[in-house]
Amino acid sequence: MSKVLVSASHFDTLCQDAWKLFEDNGIDVVFDPAKEFPAYTTEEIENHPDREDIVAALIGMDDFRDERKYQALPNLKAVAKFGVGVDNIDGELAKKYGVKALNAPGQNSNAVAELTVAMILDLLRHVMPLHKDMEKGLWTRFIGSEIKGKTVGLLGFGAIARLVAKKLQCFNVEVIAFDLYPNEQAAKEIGVRMTTQEEVITKSDIVSIHIPATPETHHLFNKETIASMKDGAYLINPARGALVDLNAVAEALTSGKLAGAAMDAFEVEPLPLDSPILKCENIVLTPHTGAETKESYYNVSMTTARDIIKVIKGEEPEHCVNK
């Protein structure tokens, strides 16, 4: 029987419909709920008892850039990311072995956009720090800031950033954005002014990052970039950890250059306990949870399952990133 190896978390509890879809199409699901992140090392793939029957892999943050994994799965036809960003899949390497690299664009966009807005509001009003103070019996009188009247800069203007802009409309903010391939019509419809990357970084009160991690964008936000931001600005990163030099952010928070920052993704995950960012004040850190909603799990699992099934049947998938 053809088998799909699933390392995306919660597949047994939140993705039953996708599981059934696989089974209805004669595909056995190989999923180990006891596995912890990362689910499968190269060595585990090489020694997996089902490796010759595995025709597809549905992965979370597992690294599929090691050629040995493709060599260990001789009948692999598809590797699908349980989400959007495919920086942990080597598309060209997959293509070399005749493997389709798949993703699920747009299916978790609303979840990430909602978390982005939540992070902004939390930073401006110190919601969680005040809650923690009350747990200690303290009655802290923190003077926060309102989002009204602020300039929010979106670096990237894809599906997530556009949803962030829409959700911010009711707060009476000015939203500016930069994208390498700007959608001027979409920007006009939701009242966003497209501009340069420099203006987004240097003129915004709040900068929110929504771009992919590439060699060109690695540590885009470093000491120099952060130094060019407005004094007292806020930095939000619900995208990819490699976009930000976390130590530079920690220094900027400590010095007061940045009034606050929120991060949902990190270069090393889980975040090491000795990371300087953990000692900073006015920082919101979440464990790569932007897409972690019941609705998102359903949407992503069904989208990836349908495409995997198409590939196995020899049909063209809807979302392939290495054609």
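Here are some questions and answers about helix packing, strands and buried residues in a predicted model.

Q: What makes His319 count as buried?
A: Its relative accessibility is 16%, and buried means under 20%, so His319 falls on the buried side of the cut-off.

Q: Where does His319 lie, and which residues does His319 touch?
A: Look in the segment after helix 13 (294-312). Leaving out residues up to four places away in sequence, His319 touches Ala101, Leu102, Asn103, Pro105, Thr303 and Asp307.

Q: How do you know that Ser296 is buried?
A: Same kind of check: the relative accessible area of Ser296 is 4%, and the limit for buried is under 20%. Ser296 therefore counts as buried.

Q: Where is Ser296, and what does Ser296 touch?
A: Ser296 lies in helix 13. Not counting residues up to four places away in sequence, Ser296 touches Gln107, Asn108, Ala111 and Ala291.

Q: Why are helix 6 and helix 8 called oblique to each other?
A: Helix 6 (residues 109-125) and helix 8 (residues 159-168) pack at about 50 degrees, and their axes are 8 Å apart. Roughly parallel needs an angle under 35 degrees, and roughly perpendicular runs from 65 to 115. The angle of about 50 degrees fits neither class, so the pair is oblique.

Q: Which hand does the crossing of helix 6 and helix 8 have, and which residues make the contact?
A: The crossing is right-handed. Helix 6 brings Ser109, Asn110, Val112, Ala113, Glu114, Thr116 and Val117 to the contact, while helix 8 brings Ala159, Ile160, Leu163, Val164, Lys167 and Leu168. Sorted by class, that contact of helix 6 with helix 8 has 8 nonpolar, 3 polar and 2 charged residues.

Q: What makes helix 2 roughly parallel to helix 13?
A: Helix 2 (residues 16-24) packs against helix 13 at an angle of about 15 degrees, with the axes 8 Å apart. Angles under 35 degrees count as roughly parallel, so helix 2 and helix 13 get that label.

Q: Which residues meet where helix 2 packs on helix 13?
A: On the helix 2 side you'll find Asp17, Ala18, Leu21 and Phe22, and they meet Tyr298, Ser301, Met302, Ala305, Arg306, Ile308 and Ile309 in helix 13. By class, the contact of helix 2 with helix 13 has 8 nonpolar, 1 polar and 2 charged residues. The crossing of helix 2 and helix 13 is right-handed.

Q: Why is strand 6 called largely enclosed by the rest of the structure?
A: Just count: 5 of the 5 residues of strand 6 (residues 151-155) are buried, so the strand is largely enclosed. Thr151, Gly153 and Leu155 point one way, Val152 and Leu154 point the other way, and all are buried. In a regular strand, side chains alternate between the two faces of the sheet.

Q: How do you know that strand 6 and strand 7 pair?
A: There are 5 bridges joining strand 6 to strand 7 (residues 174-178), and pairing takes at least two. The two strands run parallel, and Gly153 stands opposite Ile176 in strand 7.

Q: What makes strand 10 largely enclosed?
A: Strand 10 (residues 233-237) has 5 of its 5 residues buried, so the rest of the structure largely encloses it. Ala233, Leu235 and Asn237 point one way, Tyr234 and Ile236 the other, and all are buried.

Q: Which strands pair with strand 10?
A: Strand 9 (residues 206-209) is joined to strand 10 by 3 bridges, running parallel, and Val207 stands opposite Leu235. Strand 11 (residues 258-263) also pairs with strand 10 in the parallel sense, over 5 bridges. There, Ile236 has Ala262 of strand 11 as its bridge partner.

Q: What makes strand 2 and strand 5 edge strands?
A: The open sheet has 5 strands in the order 2-1-3-4-5, with parallel pairing. Strand 2 (27-31) and strand 5 (100-102) are its edge strands: each pairs on one side only. From one strand to the next, the twist averages 20 degrees.

Q: How many bridges join strand 1 to strand 3, and what packs on the sheet?
A: Strand 1 (residues 2-6) and strand 3 (residues 54-59) run parallel and are joined by 4 bridges; Leu5 has Ala57 as its bridge partner in strand 3. Helix 2 packs on the sheet, touching strand 1 and strand 2, and its direction makes about 140 degrees with that of strand 2.

Technical notes:
Residues are numbered from 1 along each chain as its sequence is written. This is a predicted model: local features need pLDDT of at least 70, side-chain atom pairs count only at pLDDT 80 or more; totals for chains, interfaces and linings use all residues. Side-chain values use heavy atoms; hydrogens and water are left out. Buried means under 20% relative accessible area, exposed over 50%, partly exposed in between (1.4 Å probe, protein chains only). Contact means heavy atoms within 4.5 Å. Axes are lines fitted to C-alpha atoms, for helices over the stretch in contact, and angles run from 0 to 180 degrees between N-to-C directions. Angles under 35 degrees count as roughly parallel, over 145 as roughly antiparallel, 65 to 115 as roughly perpendicular and the rest as oblique. A crossing is left-handed if the near helix is turned anticlockwise from the far one by less than a right angle, and right-handed if clockwise. Ala, Val, Leu, Ile, Met, Phe, Trp, Tyr, Cys and Pro count as nonpolar, Asp, Glu, Lys and Arg as charged, and the others, Gly among them, as polar.
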